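User: Please take a close look at one part of this model for me, starting from a single residue and working outwards. I'd like one connected account, with the cut-offs spelled out as you go.

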Amino acid sequence: MAESETTEPSRYRPALTVVAGSGRPGQGDSPAGWGEGGANPLVSFDRRELNQLFNLYGAKVASGEWRDYALDFTPSKAVFSVFRRTSEAPLYRIEKNPELARRQGAYAVIAAGGLVMRRGHDLARVLRALDKGLRIVGAE
């Protein structure tokens, strides 16, 4: 381990805490910041949204375009990042920001350079910006 690395937990990210209980959010048995009952709830993707994200991710991995992903949950937004290689910056970020739900839409697809490719209220429609299927050209 290098001298600059430490094994102490970061002051910004709490150490792993094991809590006994039912594991259901909002029941008071979850660590602070997790679930609905925490003082600082995190924004996350629900099961339907994750299903849509992983269906697209699986298709892109099968075609050889994407190789890795990352999930980030913060108090303000949830981010699903996709990578061509693990060591690179993300190709795209799919963000869920509930603060923008009434204005521009909670979902956004953002390219590597920061360009917002599509923003909207429906995740399936926003993900179409990344799903470039085959099209018939010149059919009459």
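Analyst: A quick word on terms before diving in: helices (H or I, at least four residues) and strands (E, at least two) are DSSP runs, numbered from the N terminus. With that settled, let's start at Ile94, which belongs to strand 3. Keep in mind that this is a predicted model, where local features need pLDDT of at least 70 and side-chain atom pairs count only at pLDDT 80 or more, while totals for chains, interfaces and linings use all residues. Residues are numbered from 1 along each chain as its sequence is written, and side-chain values use heavy atoms, leaving out hydrogens and water.

Ile94 counts as buried because its relative accessibility is 1% (buried means under 20% relative accessible area, exposed over 50%, and partly exposed in between, with a 1.4 Å probe and protein chains only). Its contacts, setting aside neighbours within four places in sequence, are Phe45, Leu53, Ala78, Val79, Phe80, Ala108, Val109, Leu123, Leu127 and Leu130; contact here means heavy atoms within 4.5 Å. Val82 is 12 residues away from Ile94 in sequence, and their C-alpha atoms are 8.4 Å apart in space.

Now the sheet around Ile94. Two strands pair if DSSP finds at least two bridges between them. Five bridges' worth of pairing shows up on both sides of strand 3: strand 2 and strand 3 (residues 92-96) pair antiparallel over 5 bridges, and strand 3 and strand 4 pair antiparallel over 5 bridges too. On the strand 4 side, Ile94 stands opposite Val109, while Lys96 in strand 3 has Ala78 facing it. Further along, strand 4 (residues 107-111) and strand 5 run antiparallel, joined by 4 bridges, with Tyr107 opposite Gly120 in strand 5.

Put together, that is an open sheet of 5 strands in the order 1-2-3-4-5, with antiparallel pairing. Its edges are strand 1 (68-73) and strand 5 (116-120), each pairing on one side only. On average, neighbouring strands are turned by 15 degrees against each other, direction ignored; axes are lines fitted to C-alpha atoms, for helices over the stretch in contact, and angles run from 0 to 180 degrees between N-to-C directions.

Strand 3 also carries charges. A salt bridge is a side-chain nitrogen of Lys or Arg within 4 Å of a carboxyl oxygen of Asp or Glu, and the structure holds 4 of them. In one, Glu49 meets Lys96, with the closest N and O atoms 3.1 Å apart. Glu49 is in helix 1 and Lys96 in strand 3, so this pair ties together parts that are 47 residues apart in sequence. Both Glu49 and Lys96 are buried.

Another salt bridge joins Lys77 and Glu95, with the closest N and O atoms 3.5 Å apart. Lys77 lies in the loop between strand 1 and strand 2 and Glu95 in strand 3, so the parts tied together are 18 residues apart in sequence. Lys77 is partly exposed at 28% relative accessible area, whereas Glu95 is buried at 9%. Arg93 joins these two in a network of salt bridges.

Next door is strand 2 (residues 78-83), home to Ser81. Ser81 is buried at 4% relative accessible area, and its contacts beyond four places in sequence include Tyr69, Tyr92 and Arg93.

Phe80, one of the contacts of Ile94, is buried at 1% relative accessible area and brings in the aromatics. Rings of Phe, Tyr and Trp (its six-membered ring) pair if their centres lie within 6.5 Å; planes under 30 degrees apart count as stacked, over 60 as edge-to-face and the rest as tilted. That rule gives 8 aromatic pairs. For Tyr57 and Phe80, the ring centres are 6.3 Å apart and the planes at 85 degrees, so the pair is edge-to-face. Tyr57 sits in helix 1 (residues 47-62) and Phe80 in strand 2, so the pair links parts 23 residues apart in sequence. Tyr57 counts as buried, at 12% relative accessibility. Ring pairs link Phe54, Tyr57, Trp66, Tyr69, Phe80 and Tyr92 into a cluster.

From Trp66 there's one last hop: the charged end of Lys60 sits over the ring of Trp66, 5.9 Å from its centre (the rule asks for NZ of Lys or CZ of Arg within 6 Å of the ring centre and within 35 degrees of the ring normal). Lys60, buried at 9% relative accessible area, also forms a salt bridge with Glu65 at 3.5 Å, N to O. Glu65 itself is partly exposed, at 38%.
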